[in-house]
Each structure stands twice: as C-alpha cells, then as structure tokens.
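Trainee: Could you take me on a close look at one part of this model, the charged side chains that pair up? I would love a connected walk through it.

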Amino acid sequence: MNKDNNLTNSEIEVLDLEETPSTPKKKKKPIIKFENVVKEYHTGEVYTRALNGINFTIYEGDIVIFLGTSGAGKSTALNLLGGLDQATSGRIFVDGDDITKYNENKMLEYRRAKVGYIFQFYNLIQTLTAKDNVELVLELCKKKKKSNAEYLLEQVGLKDRINNYPSQLSGGEQQRVSIARALAKEPRILFADEPTGALDYNTTRQVLELLVKTCKEKNITLIIVTHNNFITPIADVVYSFRSGEIISKVENNNPTPVGELPW
Amino acid sequence: MVNKVLIKETKNFIRKNIKTYIAQIIIVTLGVGFFVGMKISSLDLQDTMTEFVENNNFYDVKVNLEYGIEANDISQLKTTLEEVKYIEGAYTQDIVNNLDGEDYVIRLHSYNSKNKINTTKLIDGENPKNNNECVIDKKMQKDGYEIGDEITIESDLLKEKKLKIVGVIQSPEYLAIDRGNSTLLSGKINYYIFVNEANVNSDIYSDLYIKYDTNSVAFTEMYDDYIERKEIEATYAVSGYFKDKYNEIITDQQIKITSAKAEYEAEKAKIDAQFIEAENEIKNKEELLNDTKKNILTDKQIEQKINSISDSTRNEEKNKLNNLKKQMNNAKTTYDNYKKNYNNQISNTKNKINNNEQRIRELNTSINSNTAKLNAMKAQYNSMNDYTQGSTNNKCYPGFSLSSDGKRCCYPGGFYCYNASFGYNGFFGGGTSPTINAEKVALKAEINQLENTISNQKIEKASLETENISLRKQLTISSELSSYENKYLNAKKQYEEQLEIYNSMGSSSKLSSYYKKQNNELRKTVSQYEQEISAAKTDLNNKKNAAYQQLEATRLEIQNGEDMIKTLSYPKSYVFDRKDNAGYGQFISDIEKISNLAIVVPIVFYFITFFMISASINRMLYEERNQIGTLKAIGIRDNEILIKYLIYSISSVIIGSFIGIIVGVVILPLFVYFIYEMLYEFPFYNLNFNFRYFLIASGIALVVAIASTLICCKETFKEKPVSLLKAKQEKETVSSIFEKIPKFWNHLSLTTKISLKNIFRYKARMLMTIIGIGGCLALMLTGLSLRTSITEMIPTQYGKIFKVDAQIFYKDLSSRESLNEGTEKILALDNVNKGLISNYETYTSDYNGKTININSVTFYDDNFSDFIDLRDYKTNKKLKLDDDGVIISEKLATMNNIRVGGVIKLKDKQQKEYSLIVKGIAKNYIEHYVYMNSNYYTKAFGQEPRNNMLLLKTKGNYDELELAQKINDTNIVSQVLYVSIAEKAYEDVMNNLALLVGVFVVFSILLIFAVLYNLININVRERSKEIATYKVLGFKNSKVISIIKRENIILMLFGIIFGLIAGYILSIIVIKTCEVENLNFIKEVTFNNCIISVIATIIFTLAFSMLINSYVKKINLTESLKSNE
C-alpha cells in the first residue's frame, strides 16, 4: 500500500477479485453481485459517468466498506444497490434476482422487505418521536413483527429517549434511532451511507460498535460507504472506488473489532 | 393499508402548517358559501313566492272583457272549457280618490269569502263582512292608514262609499311593491283596496279568473306549455261565447227597433189625428171668419140694400117692432110685481131682525148682572159654614181646627182628627152639637134659581141670534128677481134694436149709418176672430212642435240604436297569464339574475382556490422532499405517503364547506331577502336547505382540492428517491426578455437584476403569484365597479338626465283656458323657476314573453333639454327630436336589438299595437322611456297628445309640502310628484342592492387576504435555503428583505396589470349578469375604481410582505442550510 493507503497497481494485479486460496474458506453465500454496472447522469447537456462498469460480489453476513473520495461513485453504487436509483446498464443480482429488471412496485417491495438504510443526516421524520419513527417501519412489516419499538430503541441504548423528537436528540442519538429504525425491518442487507460522517469520534465508535454487533448477531450483510479509511479494518471486505471504478478489493480475514481500533 | 403512524404524522403536519390550513379553509368557505348562498337565495325567494301564489290560488288565466261578464255567462262558459278547477268573476275598478287632500290612484277589488281564486292573505285585523268595511294593502298601512280609520271611496261602483278599514291583506296579484299601471293620473297605481262584493252595485264582473286542474308546478316549463295551450282554448271559448251572445243581443235589439219604429209611426199618426181636430176647428173658424167678412157690406152693397127696402119690408119690420114692444112691457110688469112683493118681504125681515137685536141687547145686560150677582152669592156661599158653631165648648186644641161638619177637630192637613166632642173644654164631653146652617141652604136655592135664569136667558139669546142670521141671508138679492130683470132688459134691448132698424128704414142716411154701425160690429168680430185664429194657430203649432219634439227624441233614439248596431263590434276580450302580471313577471327575471350571479362569481373563487391549493401543496412537498425520499427509501408506498397531503386538502375543503353552508343557507339568503324587501312584499321567509347545491358546491371544491393535490404530488413522486433525498435540481437559467434589451438591462442595479432573473427562473411561482394577486385585484375591481355602477346610477339619472324637480299631472280639464290660467299661476309661484307642458303616457311591450312597462313623454317643441337631457348612448352627443321618429332609452334598444332606423312596438291599455320608428337611442339608467314630439305623436297614434303633464324646475329653498299645496290650490292639478321622492325611493332600492354587492366586495377582500398570506408564505419558505445562504454570507437582514421584496414588488406590478385587464372583463360580465330588467347599470369601469383597487392591492401586498421581514429575521439558518449534498 502506498502512502494514501491505497492499493498500488501492482497489488491490484496480485489480488484476485474472487476468493483467495490462502484464506480458509468459510461457507459463504453470495448475496449481491454487480455485473458491469454503468450509471450515467444527464443535466442538460452535461453527461456524468458516475459508475463505469463495475463488477463485484458480496457475501451474506459480511461487513463491506465502500471506500473513496467524494465523487468516486461509492454512494452511487450504494444507491443502486439499495434500489434508490436505477442503473443505466449492467445487472445487479440480490439474492439471485436481477433488481435492474424491477419495476417501481417491485423496487418498493425490495426496499421494504430486503434492505434497511442509515443516512449520513439520519433522515428521521422530524414530526414524530423516536418511538414513532421506529413504529412507522414496524407497521410495514406486520408479519415479521416480533419485537416492538421500545425494545428496539432499548437495544440501541435509547430507552430514556423514546418519546423525544429528533430535534431534541443529539446527532449520535438520532443516528441510533435511525439504526433502530433500519433494524426494525430485520432486513437482509443494511446500507449505511456515511453513517458517522456527522459524528464525533466517540459517538462514531459507539455507533459503529452497535452496527457491527447487531449485524453479526443477525447475520445481516452490512455495507458502509465512507471516505474515512480509519475504520476500514472493521470490515470483512473493502472496495475502493475512484472515478467510477473499483480500483481495489481488500479482504480482512480477521476484521478488527471496533473497540480495538486506535481511537 | 394505511399506516397509523403516518396518520398521526398527518395531524402534526397540519398543526405545523396551521396558518396555511386556515387560509385554505377560508378560501373554500368563501367559494362554497357564496355559490350555495346565491343559488339558495334565488331558490328561497322563488319558493316563498311559489308557496304564496299556490296557497292563495293565484290565477292561471285571467280574462279581461270589454263589456264585462255576468254570473250566468260564467257558468255557461265553464261548460265550454276543459279541466277547469275554479272559474270566478271579480270586480275591479281604478279610481282617483282624494285621501287627506291628495289624489291617489286606487285599484278597487271585490272580496267574496266564497272565492277560491286569488284569495288574499290576512295580515292584520279581519276580512270585510259588511258593506261599510274594507281592507287595505301593506303600502297603505305603511303610509299611515290604520285599522279603524274611515275613508271615503268615490266610486260609482259602490253602494256604500264611507268605509271603515277593518284589516290589512296581501294579494297574490301584487307581488311587487310597485303596484302596476293604470290609465289614470300618472299611470301608477298607489294602493289596492278590497271591498265586500255585496257592496258593489253591479251585476257585471269586470274580470274573469280561471284556475285549472293541473299537476304542473309554477315556474316550470311544463306549466308554461300547459298554460299556453289553455290560453288559446280560453281565447277561443270566450270570444266564441261572446260572439253568440253578441248575435243574440243584435237580434233582440233589431226586434226592439222594429217594434219601436211601428210604435213611432202609430204615435205620429195619433198626434197628427189629434191635431186634425184642432186644425179642423181652425178651419171652421176661418170659414166663420170668411163668412163674417163676407157679411161686411161695402158702400155699394149698403146702397143696394138701402134701395132694396120696400114697403112690405117696412111693414114686416113694424110688426116685429110691435111684438117686441109687447114682449118688453110684459116682461116689465112681471118684473115690477115681483119686485114689489120682494121689497115688502125685505122690510118685514128687517124689522124682525131689529127686534131680535133689541131683545138680544136686553138679554145681554140681564145676563151680565145676573152673572155678577151669582158670583157674589157663590162667594158668600163658599165662605159660610155648613154648620153653626154650637156652644163654645166645642173648641179645639190649639193648633187644631174644627172640621166643616163641626164634629171633629183636625190638625191642619187632616193628619189627625179627633172627635170634637172631646173638645178643649169638654174633654170628657159636653157642649152642644152643631146644627146645619139654614142660611147657607137657602142661599144655595137662590143660587140654583139664578143659574137657571141665566141659562134660560142664554138660550134665548142664542136662538135669536140664529134667527137673525137666517133672516139676514134673506136680505140678499133674490136670483129670481135678477132673472126677471134680465128678461126685461133683454126684451128691452131687442125692442130698441128693432126700433132702431125700423127707424133707420125711414131714412137712407139712418139706414146707412145703421149698416155702417153693423159693419163696425162685424169688423170687430172679424178682428176678434182673426186674433183667435192666429192664437189658435200659434197654440196649435207649439203643441205640434212639442208633440213632435217628443216624438223626435224617440226618433233619434231609434236612429241611435240603429247606428249602434252598425258600429257595435264583438266585445273584445283579452286573455292574460301569470307572466302578464307585472309583479310576477318582474320577479321571475330578478331571481334569474341572482341565480346567474351565483354561477359567474364562484367560478373565479374556485379558480383561485385551485391555484392556492396547488401553491400550498407544492411548497409543502418542497419542504418535505427529504422526508418523502426517506419514506420511499424505507419502502413506504407512494399512496401511503400521499394520503397525508390528501387528508390535508380534503379536510380543509370539508371544514370550509360546512362553514360555507351556514353562510350560504342562512346568512346570505336572509341578506338577500332584506335587500329585495325593497322591491317585493314577502309574506314569510322560506329558508331551504338544498342538499343538491351543497353537494355541488362542496363536490366541486373537493374535486378542485383533490385534483390540485394529486397533480402536484404526481410531479414530485415521479422522482427517484435518490433525487428527492437531494435538493431539487435547479433548472438552467433562462435569459428573460429583459436581458435581451441591453439598454434597459444595463441601467438596472445588481439587486434588481438578481430579482428579475429569479423571477423568470421560477416560472410556476411567478405565474401563481401574478394570477393570485391579479385575480384578487380583478375581483375587487369587479365588486367596486358593480357597486359604483349601482350607486352612481341614481345621481346620474336624476342629476344629469332628468333635470326636472317635479312632475305635475293635470286634472282632466275640458277647458284650455283654465289649464293655461292655472299653469300661469303655478309658474308665477315664488320657488318655481320654469315649467314645460308635455304629455305622458304609459305603454307596455313584450320581451321574451314578459310584459315590460314603458314611459312615453311627448314634447311640443325642442326646448326640453333643460328638463330632460337626451344624449346619444355611445357618443354622448345631444339628441334632437324630429317629426319622423322617436328616441328610446338604451336598455330598451339593447334588449330588443333595435338600432337607429329600427322599429319599437308598443301596446296601449287596450292592447292595440303601435310601431314607432327609432331615430335615436339615449343614455338612460332607470326604467324604459320613449320620447317624441307632438307631430310624430299625432302621426303614430292618430290623435293629438293631451296636455296632461307639467315638468317643473324649482329654485331656492322651499318646503316641498308647502309648494305642493300652493300648486294644488290652483285646482287644475291632480298630482304633484317630486323627483326627489322618486329618487329617494330608488336610492333605497339601490342602497340595498349595493349592500349585496358590498358582501361580494367583502368576500373578495377576505379572499385577497387569504391568498396574499398564502402566496407570501409559499414564496418565502420555498426559498428558505436561499435566504439562509444570503444571511450566512453576511447580507444584512434589510438587504435580504429588500431582495425578496423587490421580487415581490415586480411580481405585484405584473399582477396588477393582469388584474386590471381581467378585472375589466370580469366587471362587464358581472354587471351584465346582475342587471335587472328595468335598470340599465352603468357599464363602465371607472378610473377611480381602478385606482382604488390598485392602491388597495398595493397596500395589502405590502402589508402582508411584512411577514417576510419577520421570517427573514427569524429564519433558522442551520436547519435551512442542511441538505444531503
């Protein structure tokens, strides 16, 4: 790795984007697969290629980090994965289904059932309490409702704040509500777009700990988009993006627990 | 599946946007309220009148007959008509009646409690039962006549003319306060009065009313069609019936005439016969005259006669003479003898009379002395006691006196008596009892005797007097004596005459003089006869003339009868339906107007509502983009997210509708009633809750709300979640028109350029603001224009067009001199400036099946412009009258599509139609007028216009009543109408109409507030990030405010331009819609009103812009600047 902690070209050549034989193989099921995905934006006459034909596979239960600077395309990839946007070309498989072929309704179902989001700016409903924000989601999946909002918020350590409005919560607390909300659905995949971008170190640590712990417990695939490569060790796989392309993939056989990072 | 939490969120959402929410409710309330209100008002009014006319069986068809109709005619007519429910006759008469010194036109009606058609509604008091009772209308009651008042109705139709007011009623024939027209006086009926039918001394009804057995309801097309058919049937039936009757009458009349003619001839013959006798008499006398004349001897004849006297003739005459002498002597002897006897008798009688008289005198004296003696004796007798006193023992107690029989003592007055033997001294008896007074008894006998004597004397006297009377009668000359005397004298005369003849026979001169004397006698006789004959002839002629004159009168009558038959036409009958009733017809057109207003105005309201809701929703969507994106990301369906906004819109509409209903069902209709009470008499107030209109109004509002919400949402929801999560993509800057004009552009300051650029970038926002502000200005301008139009009408009409101060109607005078004299007096009065004699008539015209009233004024020369200023309705140039046509008022022309050169058709009271050529159209605002000069009048109507009106201009200060009184005192005037009073009456009406319009103006102002509030809210909050950025960059609050306000001002200016144009168009449309039939609203949008609405808009906009100030100052920078980029 070079100074920027980016993989050098030679290292890229070495790396195989498939499983490396040196790592003892765990029995992992591929859950997500990107095939030659391209995303273009038009604003008037200006074309922007956010993704330039990327390919990767993500396995169930993994913690994956999409790394890159602003404008690299990582958020774009996340958005496509999350069904928030549609690819210009290429195929995206989630649990065996090509979601690029989904119409609006199916996309909605996908978003509802399979994925959960955590945003950089929390995106809580300002006019609802923390509890209501979580209940909102619980109502969506009545069949799956095994836990209730209070429990979920307790899980994220907000037992005393369940009746507060987002404006009355700190950034970290809001993000935790957001997590509770995302987890309430018991999704297969959890997306987090710069989840700690607006938080301080300590809170970042807490939030990350929570995320990792919960996902590992429930075997949820977690994909984090960040530009902060300080936290990359916690992931199982790290994809680096630059100018719309994946320039490296790093696998961690032994991901570092969050608390053990040099905060 | 609705997410409960989202519903909860909706509540919070509404709370967060409560001000916009309320503004929206207000807008919906206004729109729904006004629409429902106006529609229901017209329905309520219609309902009220329908109920009234149906309850009171307002006639379906009315027949007015030239010569009236009788009861048996009616029952016969009924058999020729079908489906008749009721058919009744009634008496109607228009009279001019003087009440308290002023003349009024009163229409009399007959009241019969058994009548079923046109029954009257009793408002106060009771219906007339007796002939000296009557009931009055509300108008008369308002003018001060009360139940219990006595009025005198000078109508030859009534038996009893002095009537007591016993009640106040309302008749379905008079829905409007304007009681309709008459041929009398000024042509307007002042009051109507009902009298007892029994008080009418005629058997001939003047009107016939029919009510049909039909299910069709008034005011509907079905009813109109039905009645049209029935009118035709009635017309034929009535005219057919009267044709037959007419023929009967003609035949009868002819028979009468024939027999009358025969009688005439017989009479004439009789008269002629009568006079033949007299004529014969005259003829006889003439013959006698001629004979006598013949006997007059001419000198020659006398000569002949003298010569013809012979001896034998003489002897004859002599013998005659001797005989006559004998006769004479005999007669004398008889007479003398008789006379002698008679004279003896007379002297005997005279003696007797004298003796009797002597004796009578003696008796008188004796009677007198005896009477005096008798009186003295009687007096004495009375003073004597019946009894002599007896002993002194028989005294009575003091205070008591002895009774006349001396036996008792009595207290004066006879109250108590006691036996005198218990006398004073002889209480226990004693004393001698009284004895009868013998003197008294003797005196009585003397009295009696004397009385007898007197009586006998009187009897004797009486008989002597009687005898004398009859004796005196005998003294008068006996008729027998005089008849003997006459005989003697006649005989003497005859003898003397004969003697004369005989003597004269001796000499020819004597004879000649005798004959001449005879001639004279004969001549005297002749002249006497001549006199008698001429007198007789004169007498005969006079008698003849008199007799013939009688006959002549009869002859003329027959002639007239024949002429009448020749000229008699079938009695005309006129068939009317309800629409021909002035009040009813006018009412129908008025409720149409209200109903039309109900459609036009709410359209604008709904339009604005659509825009406002769209703007609000757009803003809210913009503010919640992030949230929407999040929810979509979470997996919540579009519909579920959308529901929040739908609930917001729909709930505001529902609440607004409900409040609007209260306004529309109760407040507005009552207000409209209040306004129309100036024109109509409502017997009660019907307030309907009409579900249909409520549904329509709120339905439309709901559709508008849902549509605008969905349209706005669709735009947003189309976007992918990812773009929603980011800020809205700004469109490219499009260069505006202004930038393409470098000269203009370069002069502007930077901030202005920014403002302009901003405006044109956000086209939708720009459009909404312009339409919002413009629309409200348009509404306000419309309201003001309508209001000005209504209120300016009166001063313009009565100040600029009618320059007259008073309208005076002349009595129906036959003498031109008295009219001129009286007019001179009026013009000489102190406060009178000038006057113009003219003619005034009222006519009707048909318009769309309704009857409209037209005033006609005829001038005698061109100098009328000081009194009535006629100007062309387009060019405002003065109009002149010529001999070839008329000038008509503006509305009349536009209603009937008549242009100069066209024809206007008028009908008079007898329904005769006249076509007049239109030579000019004059500006006019109130009622309809036709003006012409007397030459054209004569051409058109075939007779000279009568001078029945004097237009007056006054000067100085004066008391109206006093001046009217002075004018009345000239005795040529029947009515004085002050223009100021008519003006005031209309002013009241107009003020009420203006109130209705005021409601509209208030509505539009409220709407403006709601709209402006919303707009500014939206504009500012949509740009929260922009504003926050300015502030963060370091712009002062005032600078930021000025940037935004500049934009608003520019938008406001555009809005004003748009508003003025839209307002102008809308004003004209609304004014035309609101107009009632007989008024011509001023269709101008005045400069003043434009200025007012512009200034008001500017003020309101600037006032609401203050909101911007507070918003900018209070904006939460961090919140606004947060975004997901």
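Mentor: Let's begin with R946(B), which is partly exposed, with a relative accessible area of 41%. Keep in mind as we go that this is a predicted model. The side chain of R946(B) meets that of E841(B) in a salt bridge, with 3.2 Å from N to O. R946(B) sits in the loop between helix 21 (934–941) and strand 22 (949–954) of chain B, while E841(B) belongs to strand 16 (residues 832–847) of chain B, so the pair ties together parts that are 105 residues apart in sequence. The acidic partner has another setting: E841(B) has 13% relative accessibility and counts as buried, because the cut-off for buried is under 20%.

As for the wider setting, chain B is divided into domain 1 (54–246) and domain 2 (787–989). Taken over C-alpha atoms, the centres of these two domains of chain B are separated by 30 Å.

Now to another pair in chain B. K517(B) and E500(B) join their side chains in a salt bridge, at 3.0 Å from N to O. Here K517(B) is part of helix 10 (residues 508–567) of chain B and E500(B) is part of helix 9 (residues 479–506) of chain B, so this contact ties together parts 17 residues apart in sequence. K517(B) is partly exposed, its relative accessible area being 40%. E500(B) is partly exposed as well, at 34%.

Chain A offers a pair within one helix. E109(A) forms a salt bridge with R112(A), and their closest N and O atoms are 3.9 Å apart. That value falls inside the rule, because a salt bridge asks for a side-chain nitrogen of Lys or Arg within 4 Å of a carboxyl oxygen of Asp or Glu. Both residues lie in helix 3 (residues 104–113) of chain A, three residues apart, which means that about one helical turn separates them. Look at the surroundings of each end, too: E109(A) is partly exposed, with a relative accessible area of 40%, whereas R112(A) is buried, at 9%.

Pairs can also join up into something wider. In chain A, a network of salt bridges links K29(A), E60(A), D95(A), K114(A) and R188(A). If you have the model open, try selecting these five residues together.

And how many salt bridges are there over all chains? The count comes to 56. The pairs we walked through are among them, including R946(B) with E841(B) and E109(A) with R112(A).

Methods:
Residues are numbered from 1 along each chain as its sequence is written. Chains are lettered from A and ligands numbered from 1 in the order in which they are written. This is a predicted model: local features need pLDDT of at least 70, side-chain atom pairs count only at pLDDT 80 or more; totals for chains, interfaces and linings use all residues. Side-chain values use heavy atoms; hydrogens and water are left out. Domain bounds come from an automatic or database domain assignment. Helices (H or I, at least four residues) and strands (E, at least two) are DSSP runs, numbered from the N terminus. Buried means under 20% relative accessible area, exposed over 50%, partly exposed in between (1.4 Å probe, protein chains only).
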